[in-house]
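Colleague: Could you walk me through this model? I'd like to know what stands behind each label you use.

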Amino acid sequence: PLRAGVCVIGAGAAGLEVARGLHARGARVTVLEGGLAHFDAAHQRLHGHRSLGRPLRTLDPGRPLTLEHASERQPRLRQLGGTLNAWSGKWKLLDRVDVADGRWPIDYDELLEWCRQVAADYGADALFGPPPTDLAVASLPGFAPSLHVKVEPPLRAQDGLPPDLEVILDANTVHLETTPGGGSVSHVVARSLAGTTRRVEADTFVLATGALENARLLLMSDVG
């Protein structure tokens, strides 16, 4: 099996930002990404879903790289860099009320410091500039008095990755194996579309496959 200090599952915006930051601090990081470095329809089909409620927002067919999957009404991209390959460059800070229920392991002020670093990485420093004063939202308790910031041209998550950061493509994580008693994850199992199986052990695992895929993977693995 492969062995890493930290195994990050998912190479979209969140996964690659976490991997980049931990790598810079000396951690041995391995990133598992189910897609390829480019858009591939066969890999994209693994993102298939059926929405029973409000229709999910789909990608803009007018943006580069989105014609095929926008026609298939796919809101997410399964490839290196994730949906940031087709995004518009808009950024918005979380509001204080988003983390006010006490279930987050860090408080809002600590979270903001990490947000500041991410904003700097992607050229969105204006998020921390002077807030607007002519918006009704500015007077609402708990809401950040700011609109979104748009970065043009938008940066992709995979831009500027360290050359020695281990990123394994076509590695679809299909199972999280827990220790006896289910207290922690001991290793993950990943498979390519051709059926090649990899087992990755790590001290720490980070799920960064997006809300839908994270939930699906946890349910498939009977975790939580």
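**Strands, helices and labels**

Modeller: Let's start in the middle: valine 31 stands opposite valine 167 in S5. Strands such as S5 (E, at least two residues) and helices (H or I, at least four) are DSSP runs, numbered from the N terminus. This is a predicted model, where local features need pLDDT of at least 70, side-chain atom pairs count only at pLDDT 80 or more, and totals for chains, interfaces and linings use all residues. Residues are numbered from 1 along each chain as its sequence is written, and side-chain values use heavy atoms, with hydrogens and water left out.

Colleague: What makes S2 and S5 a pair?

Modeller: Two strands pair if DSSP finds at least two bridges between them. S2 and S5 have 3 bridges, in the parallel sense, so they pass that definition. S1 and S2 are also parallel, over 4 bridges. One of the partnerships there is isoleucine 9 with leucine 32 in S2.

Colleague: And what is the handedness of the crossover from S1 through H1 to S2?

Modeller: That β-α-β crossover is right-handed. The term means that, with the strands pointing away from the viewer, the path from the first strand over the helix to the second runs clockwise.

Colleague: What makes the length of H1 agree with a helix?

Modeller: The expected span is 1.5 Å times one less than the number of residues. For the 12 residues of H1 (residues 13-24) that gives 16 Å, and the end C-alpha atoms are 17 Å apart, which agrees. After H1 comes glycine 26, with a positive phi near 95°.

Colleague: Which residues of H1 are buried, and what covers them?

Modeller: Gly15, Leu16, Glu17, Ala19, Arg20, Gly21 and His23 are the buried ones. Their cover includes strand S1 (2-9), strand S2 (29-32) and helix H4 (108-121). In S2, Val29 and Val31 point one way and Thr30 and Leu32 the other, and all are buried.

Colleague: Why is histidine 43 called buried?

Modeller: Buried means under 20% relative accessible area, exposed over 50%, and partly exposed in between (1.4 Å probe, protein chains only). Histidine 43 has 5% relative accessibility, so it counts as buried. This histidine lies in helix H2 (residues 41-44). Leaving aside neighbours within four places in sequence, histidine 43 is in contact (heavy atoms within 4.5 Å) with Gly34, Gly35, Leu36, Arg78, Asp170 and Leu193.

Colleague: Glutamine 158 is in a loop between S4 and S5. Is it buried or exposed?

Modeller: Glutamine 158 is buried, because its relative accessible area is 11%. Its loop runs between strand S4 (149-150) and strand S5 (166-168). Beyond neighbours within four places in sequence, glutamine 158 touches Leu16, Leu80, Gly81 and Asn85. Leucine 84 is 74 residues away from glutamine 158 in sequence, yet 9.1 Å away in space, C-alpha to C-alpha.

Colleague: How many helices and strands does the chain have, and what share of it is buried?

Modeller: There are 5 helices and 8 strands. Buried residues make up 38% of the 224 residues.

Colleague: Last one: what is the mean confidence of the chain?

Modeller: The mean pLDDT (the predictor's confidence in each residue, from 0 to 100) is 81, and 77% of the residues reach 70 or more. Over residues 63-71 the pLDDT is below 50, although this stretch has 21 contacts beyond near neighbours in sequence. Residues 135-140 are also below 50, with 4 such contacts. Where pLDDT is low, the predicted coordinates should not be read in detail.
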